[in-house]
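Q: Please take one helix of this model and look at it closely. Show how it sits among its surroundings.

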Amino acid sequence: MTVRSDAVFVVAVDGPPGAEEVVLVRCDRYTTGEGWEVPAGGADGDDLLAGARRELAEEAGLRAGRWRDLGPVTSLNGICRAPGRVFLAQDLAPVAPDDGVGVADEQAVEGISEVRRVSWPALLEMLARGEVADGETLAALMLAAVALGRVA
């Protein structure tokens, strides 16, 4: 079995080198409850980068000036084929009201109750406390940490 559309995961990072902040969204998933995740979703048949841009806008109300493809991830192995792609988004800015993205409406549909920017040290503390448990988010954050030289 294969999922209908590839997934995209966006690690949105902003700020000067060494003091970057990572954007997380608090989602309520009917299967697992509330938790912190990176903006993500199905590409819905779009080009994967276009899907990533849409998810960042809809879920976090942001757009990015720079994008970097960090590579593939495989979700749900053992159950079905669920390919995904991780993107790093930088140079963040709020979506403009005329961008046609109803951020509050999209967040409500997605079960998003909060968007938060956290420093890398604060993020690592959240990970240590088990506050970020979504496996796809953990994988995406690791790829971004490697790409940004946060881990050796």
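A: What follows is a close look at helix H4.

This is a predicted model, in which local features need pLDDT of at least 70, side-chain atom pairs count only at pLDDT 80 or more, and totals for chains, interfaces and linings use all residues. Residues are numbered from 1 along each chain as its sequence is written, and side-chain values use heavy atoms, with hydrogens and water left out.

First, the setting. The protein has 4 helices and 7 strands (DSSP runs numbered from the N terminus: H or I, at least four residues, for helices; E, at least two, for strands). From the N terminus, the order is β-β-β-β-α-β-β-α-β-α-α.

H4 covers residues 135-147. Its 13 residues should span 18 Å at 1.5 Å a residue, and the end C-alpha atoms lie 19 Å apart, which agrees (the expected span is 1.5 Å times one less than the number of residues).

Thr 137, Ala 140, Leu 141, Ala 144 and Ala 145 are the buried residues of H4 (under 20% relative accessible area; exposed is over 50%, partly exposed in between; 1.4 Å probe, protein chains only). Their arc around the axis is only 135°, so they sit on the same side of H4 (the arc uses directions from the helix axis to the C-beta atoms).

What do these residues meet? Val 11 touches Ala 140, Leu 141 and Ala 144 of H4; its other partners include Val 22 and Phe 87, not counting residues up to four places away in sequence (contact: heavy atoms within 4.5 Å). Val 11 is also among the residues with the most contacts inside the largest nonpolar core, which has 22 residues (buried Ala, Val, Leu, Ile, Met, Phe, Trp, Tyr and Cys joined through side-chain atoms within 4.5 Å). H4 gives two or more residues to this core, as do strand E1 (7-14), strand E2 (21-29), strand E5 (62-75), strand E6 (82-94) and helix H3 (120-128).

H4 also takes part in a pocket. The largest pocket is lined by 33 residues, and Glu 136 is one of those nearest its centre, along with Phe 9, Arg 29, Glu 37 and Gly 41. Among the elements giving two or more residues to that lining are E1, helix H1 (48-60) and H4. Strand E3 gives the most, with 5 residues.

Finally, the end of the chain. Gly 149 follows H4 with a positive phi, near 75°. Val 151 is found in the segment after H4. Val 151 counts as partly exposed because its relative accessibility is 37%. Val 151 touches Met 142, Ala 145 and Val 146, not counting residues up to four places away in sequence.

Note on methods
1 Å grid on protein atoms, 1.4 Å probe; cavity = no way out; pocket = protein on both sides within 12 Å on 5 of 7 lines; lining within 4 Å.
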